[in-house]
Amino acid sequence: VEGVMMPRLQRDDGLYGGTYIDGTFGKGGQSRSILQRLGPEGRLYAFDISPTAVAAARGLEREDSRFRMLHRPCGEMGEALDGLEVQ
């Protein structure tokens, strides 16, 4: 996960700002790891088409307002994120 966090978005407290994408949510391990490093203004969008993955992600959405699950294939990322503020 450290490799995907952008150093220029790291805040003085060590947390990160910005918007991140998890292209395949799966069991949510990578998404949870990213969320642990995000400050309150950070955002994470995840994609997956598996009903099991989406169900797990919906739980994470309820736990963390910085996270949003998009029940779509990652190949539709551009269309899905159109109109959202993504850095």
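**Asp48 and the salt bridges of a predicted model**

Mentor: In this predicted model, the side chain of Asp48 reaches the backbone nitrogen of Gly26 at 2.8 Å.

Trainee: What makes this a polar contact?

Mentor: A polar contact requires N or O atoms within 3.5 Å, one able to donate a hydrogen and the other to accept it. The 2.8 Å between the side chain of Asp48 and the backbone nitrogen of Gly26 is within that limit. The backbone nitrogen of Phe25 also lies 3.2 Å from a polar atom of the Asp48 side chain.

Trainee: Where is Asp48 found, and which residues does Asp48 contact beyond its neighbours within four places in sequence?

Mentor: Asp48 is in the loop between β2 and α2. Its contacts include Thr24, Phe25, Gly26, Met69 and Arg72.

Trainee: Why is Asp48 said to have no salt bridge?

Mentor: A salt bridge needs a side-chain nitrogen of Lys or Arg within 4 Å of a carboxyl oxygen of Asp or Glu. For Asp48, which is buried, the nearest side chain of opposite charge is Arg58, 11 Å away, so the criterion is not met.

Trainee: How do you know that Arg58 forms a salt bridge with Glu61?

Mentor: The closest N and O atoms of Glu61 and Arg58 are 3.0 Å apart, and the cut-off is 4 Å, so the pair qualifies. Both residues belong to helix α2, where they are 3 residues apart, about one helical turn. In general, an α-helix has 3.6 residues a turn, so residues three or four places apart point the same way.

Trainee: Why are Glu61 and Arg58 called partly exposed?

Mentor: The class lies between 20% and 50% relative accessible area. Glu61 has 23% and Arg58 has 29%, so both belong to it.

Trainee: Are Asp64 and Arg66 buried or exposed?

Mentor: Asp64 is at 14% and Arg66 at 15%; buried means under 20%, so both are buried. They form a salt bridge, with closest N and O atoms 2.6 Å apart.

Trainee: What makes Glu79 exposed, and which residue is its salt-bridge partner?

Mentor: Its relative accessible area is 59%, and exposed means over 50%, so Glu79 meets the criterion. Its partner is Arg72, the closest N and O atoms being 2.9 Å apart. Arg72, at 23%, counts as partly exposed.

Trainee: How many salt bridges are found in the whole structure?

Mentor: The search finds 7. Arg11, Asp13 and Glu41 are linked in a network of salt bridges.

Terms used: Residues are numbered from 1 along each chain as its sequence is written. This is a predicted model: local features need pLDDT of at least 70, side-chain atom pairs count only at pLDDT 80 or more; totals for chains, interfaces and linings use all residues. Side-chain values use heavy atoms; hydrogens and water are left out. Helices (H or I, at least four residues) and strands (E, at least two) are DSSP runs, numbered from the N terminus. Buried means under 20% relative accessible area, exposed over 50%, partly exposed in between (1.4 Å probe, protein chains only). Lys and Arg count as positive and Asp and Glu as negative; His and the chain ends are not counted. Contact means heavy atoms within 4.5 Å.
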